Amino acid sequence: MRQIRHTLCLLCSLPLLWCMVACSSEDCPINNTVMGKMTFYDPYGEAVAFAGTLSVTAVRQQGDSVVINQKYGPSDVLFPLSYTHETDTLIFTYSNGGATATDSIYVSHTNTPTLVSVDCGTAIFHTITSVSSTRHVIDSLILKSSEVNYDERENIQIIYRTTD
């Protein structure tokens with residue numbers, strides 16, 4: 001009788017054990033969009049928020065794409081990079097008290113297809129090779145981290161001109 005009870009418990013626990021082993025929990029990123037990050041600074045190296053509204057447009061051959069539309073007081077911008085081209089142009093349009101100014105930022109990069117996992121699929125990661133801009137409102141750009149992946153770390157610092 002004891003052996004029958006032991007065998008019955010084993011048979012009942014096998015399906016439960018099988019389900020636990022068969023299920024896998026892959027840690028796929030919730031937000032699986034690869035984005036770069038630009039942060040705004042004054043000439044003294046202090047992080048700042050733009051006083052006014054900012055619109056950012058990514059210029060593409062197949063049509064422009066609005067990244068930000070009239071966001072008030074931003075301190076940073078998340079931006080996409082092209083999977084198929086190695087240079088991206090981002091148009092920054094600043095509005096403050098009726099005055100409007102525009103700068104273009106040029107981001108050159110390489111594209112690297114990366115297998116995240118069998119469950120999560122592939123992603124295109126980027127390595128920024130150079131950045132430049134027009135100098136209407138922007139004083140300079142500093143490349144802080146060239147790797148663009150899921151981390152959303154600061155890639156580019158935008159140093160703005162003083163208004164004095």
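**Exercise 1. In the predicted model, find the residue that stands opposite Phe-92 in β6, then work outwards to the sheet around that pair.**

Step 1. Start at Phe-92: the residue opposite it in β6 is Asp-103.

Step 2. Now zoom out to the two strands. β5 and β6 are joined by ten bridges and pair in the antiparallel sense.

Step 3. Place that pair in its sheet. Reading across, you get β3-β2-β5-β6-β7-β9, an open sheet of six strands with antiparallel pairing. β3 and β9 (147–148) are the edge strands, and each of them pairs on one side only.

Step 4. Walk to the β3 end. Strand β2 (residues 53–59) runs antiparallel to strand β3 (residues 65–72), with five bridges between them. Ala-58, for instance, sits opposite Ser-65 in β3. The hairpin of β2 and β3 leaves five residues between the strands, and there Gly-63 has a positive phi near 125°.

**Exercise 2. Work out the strand order of the four-strand open sheet, and say which strands stand at its edges.**

Step 1. The order is β4-β1-β10-β8, and the pairing is mixed.

Step 2. Look at the two ends of that order. β4 (76–79) and β8 (138–143) each have a single partner strand, so one side of each lacks a neighbour in the sheet.

Step 3. Check the twist: on average, neighbouring strands here are turned by 20° against each other, direction ignored.

Step 4. For a parallel pairing, go to strand β1 (residues 36–41) and strand β10 (residues 156–160), which four bridges join. Pick Met-38 and you'll find its bridge partner in β10 is Ile-156.

**Exercise 3. Classify Asp-139 as buried, partly exposed or exposed, and list its contacts beyond four places in sequence.**

Step 1. Locate the residue: Asp-139 belongs to strand β8.

Step 2. Its relative accessible area is 28%. Buried would need a value under 20% and exposed one over 50%, so Asp-139 counts as partly exposed.

Step 3. Leave out the neighbours within four places, and Asp-139 is in contact with Ile-159, Tyr-160 and Arg-161.

Step 4. Take Tyr-160 from that list. Asp-139 and Tyr-160 lie 21 residues apart in sequence, yet their C-alpha atoms are 5.0 Å apart.

**Exercise 4. Do the same for Pro-113: is it buried or exposed, and what does it touch?**

Step 1. Pro-113 sits in strand β6 (residues 99–117).

Step 2. With 65% relative accessibility, Pro-113 is exposed, as the cut-off for that label is over 50%.

Step 3. Not counting residues up to four places away in sequence, Pro-113 touches Ala-123 and Ile-124. From Pro-113 to Phe-125 it's twelve residues in sequence and 6.3 Å in space, C-alpha to C-alpha.

**Exercise 5. Describe the geometry of the aromatic pairs Phe-50 with Tyr-94 and Tyr-94 with Tyr-160.**

Step 1. Know what you need: a pair of rings is described by the distance of the centres and the angle of the planes.

Step 2. The structure has six aromatic pairs. In the one formed by Phe-50 and Tyr-94, the centres are 5.0 Å apart and the planes make 50°, which is a tilted arrangement. Phe-50 lies in the loop between β1 and β2 and Tyr-94 in strand β5 (residues 87–96), 44 residues apart.

Step 3. Next, Tyr-94 and Tyr-160: 5.7 Å between centres and planes at 85°, so this pair is edge-to-face. Here 66 residues separate Tyr-94 in strand β5 from Tyr-160 in strand β10.

Step 4. Check burial. Phe-50 is buried, Tyr-94 is buried at 3% relative accessible area, and Tyr-160 is buried at 8%.

Step 5. Put the rings together: Phe-40, Phe-50, Phe-92, Tyr-94 and Tyr-160 make up one aromatic cluster.

**Exercise 6. Which members of the largest nonpolar core touch the most other members?**

Step 1. This core has 26 residues, and the answer is Met-38, Phe-40, Phe-92, Tyr-94, Ile-105, Ile-158 and Tyr-160.

Step 2. Ask where the core gets its residues. β1, β2, β4, β5, β6, β7 (121–133), β8 and β10 each give two or more.

Step 3. Finish with Phe-40. Beyond four places in sequence, its contacts include Phe-50, Leu-54, Val-77, Phe-92, Ile-158 and Tyr-160.

Methods
Residues are numbered from 1 along each chain as its sequence is written. This is a predicted model: local features need pLDDT of at least 70, side-chain atom pairs count only at pLDDT 80 or more; totals for chains, interfaces and linings use all residues. Side-chain values use heavy atoms; hydrogens and water are left out. Two strands pair if DSSP finds at least two bridges between them. Axes are lines fitted to C-alpha atoms, for helices over the stretch in contact, and angles run from 0 to 180 degrees between N-to-C directions. Buried means under 20% relative accessible area, exposed over 50%, partly exposed in between (1.4 Å probe, protein chains only). Contact means heavy atoms within 4.5 Å. Rings of Phe, Tyr and Trp (its six-membered ring) pair if their centres lie within 6.5 Å; planes under 30 degrees apart count as stacked, over 60 as edge-to-face and the rest as tilted. A nonpolar core is a set of buried Ala, Val, Leu, Ile, Met, Phe, Trp, Tyr and Cys residues joined through side-chain atoms within 4.5 Å.
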